[in-house]
Each structure stands twice: as C-alpha cells, then as structure tokens.
Amino acid sequence: MNKMIVIFENLEPVHLQKDVGMLPLMLKRNGTCEVSLLSTLKKFKNAEYEQDIKLKFFNKFKSRKLNKLLLFLNVLINVRKINYLMVFHGGKDKLLLFILCKIINPNLITYVKLDMSEVGAYELIHNSRRFSFFRKIYGKLYNRYTDIFTVETKKVYESIKELPIFKNKIHYLANGFYAETSYDFSMKKE
C-alpha cells in the first residue's frame, strides 16, 4: 500500500474534523494510502481517528523551530519509504524539505495545499509583479520540486493559475463535506 505523510505543524483536535484530518482519513478509508499526520504542537489522543491515521507529535523541545527540525529530520530519514508528502501553506522551510526529499527519493510526489484566501492570492500576485532575482529563483524551485498545488476556491484558482510558480501544477480542489450518517441538505441555516 502507498504511504503518505501529511505535515500540519499546528495540529489541534478540531483540525481532525476539517480538511487537515478528513483528507488523510478518506484516503486511508478508500484504501488509497497508509497515512501519518505529523505536528509540532502538544500531543493529544483521539482513539477513534488513530484507528486509521497515525498521529505523530514532535514537541520534545520548548523551541518550535527545534521541534520542526526534528519533524523534518524524521521525514528525511523515512522519505525512501513514502510515496506522497503533503504540506499546508507552503513556505521556504517546506521548499527546502521538498528539495532534500526529492534528492533522496526522486519518485516522491510532493503536494502543497495552499489553503489560500482571496487576500492571500492578491498579495501573492502583487509580490510576484515586483521583480526580484531571488523571488524568481524561489518560484522556479517551488515549481520544480512541487508536483501538485491546490486551492479551495474557484476565484483564487482563476486569479493565480497563470503565475509561473504554479505553471501546469495548480488545481482547484474544493474542501469536501463528510457525514457518516445521511445529512438533510434541505435544512436552512439560521
């Protein structure tokens, strides 16, 4: 079975019911992947969720940066054993992780769920128009070492899909809705 690591540094119990927790859970339950969800926050237990998904917490140190380094080292040590690596929001630290992981395991599929608002998209577009040698290199590296980018709204997708950083790699993937029992969609919100 394929193996996937999902990194969400600020994992709290509420996130298990949102896209952070539901996407890995559905991949596991559909037989697609064996998934581990990694975080740097304080450890918590959720026995029901952990029947399907492995929760791993890296919070040995008081420094969040050291905890993140420990988490990243764990990923690098195990990267040959995984098929997919998913992160949220992107960033320079995650780009560096992707580069190192792809050097060790070139077949690894890397995925950034941007979780971007319209304001974030506007800022990204505005910053990409300001010429900078380093910004251009950063964009090229992110495009080269990331296989898939997704955004949750059509408006954000339409506004950023032509940026060079996302060239041919960005997709619109709306957050889903999951209920174990039937749900009455005719109900009106008060």
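**A tour from the H2–H3 pair outward**

Select H2 and H3: the two helices are roughly parallel to each other, because angles under 35 degrees count as such. Keep in mind that this is a predicted model.

**Stop 1: the helix pair.** Stay with H2 and H3. Their axes come within 10 Å and cross at roughly 20°. The crossing of H2 past H3 is right-handed. Now show side chains. From H2, pick Lys 68, Phe 72, Val 75 and Leu 76. From H3, pick Asp 93, Lys 94, Leu 97, Leu 100, Cys 101 and Ile 104. Together these residues make the contact. Colour them by type: seven are nonpolar, three are charged and none is polar.

**Stop 2: the largest nonpolar core.** Next, select Ile 7, Val 75, Leu 85, Leu 114 and Ile 160. These have the most contacts inside the largest nonpolar core, which has 33 residues. Then widen the selection to the elements that give two or more residues to this core. The strands are S1 (2-7), S4 (84-88) and S6 (148-151). The helices are H2 (64-78), H3 (92-104), H4 (118-129), H5 (133-145) and H6 (154-160). H3 gives the most, with five residues. As background, nonpolar side chains in soluble globular proteins tend to be buried together.

**Stop 3: Leu 114.** Which residues does Leu 114 touch, not counting those up to four places away in sequence? Select His 89, Phe 149, Thr 150, Val 151, Glu 152, Ile 160, Phe 166 and Ile 170.

**Stop 4: the other core.** Apart from the largest core lies another, of 19 residues. Leu 16, Val 20, Leu 25 and Ile 53 are among them.

**Stop 5: His 15.** Go to the loop between S1 and helix H1 (19-29), where His 15 sits. Is His 15 buried or exposed? Its relative accessibility is 14%, so His 15 counts as buried, the cut-off being under 20%. Leaving aside neighbours within four places in sequence, His 15 is in contact with Phe 8, Asn 10, Val 20 and Gly 21. Val 20 also belongs to the 19-residue core.

**Stop 6: Phe 61.** Move to the loop between strand S3 (54-57) and H2, and select Phe 61. At 38% relative accessibility, Phe 61 counts as partly exposed. With neighbours within four places in sequence left aside, its contacts are Leu 66, Asn 67 and Leu 70. Finish with a distance: pick the C-alpha atoms of Phe 61 and Lys 113. The two residues are 52 apart along the chain, and these atoms are separated by 27 Å.

Terms used
Residues numbered from 1 in each chain as written. Predicted model: local features only at pLDDT ≥ 70, side-chain atom pairs only at ≥ 80, totals over all residues. Heavy atoms only, no water. Core = buried A, V, L, I, M, F, W, Y, C linked by side-chain atoms within 4.5 Å. Buried < 20%, exposed > 50% of the residue type's maximum accessible area, 1.4 Å probe, protein only. Helix = DSSP H or I, 4+ residues; strand = E, 2+ residues; numbered from the N terminus. Contact = heavy atoms within 4.5 Å. Axes fitted to C-alpha atoms, helices over the stretch in contact; angles between N-to-C directions. Parallel < 35°, antiparallel > 145°, perpendicular 65-115°, else oblique. Left-handed = near helix turned anticlockwise from the far one by under 90°. Nonpolar A, V, L, I, M, F, W, Y, C, P; charged D, E, K, R; others polar.
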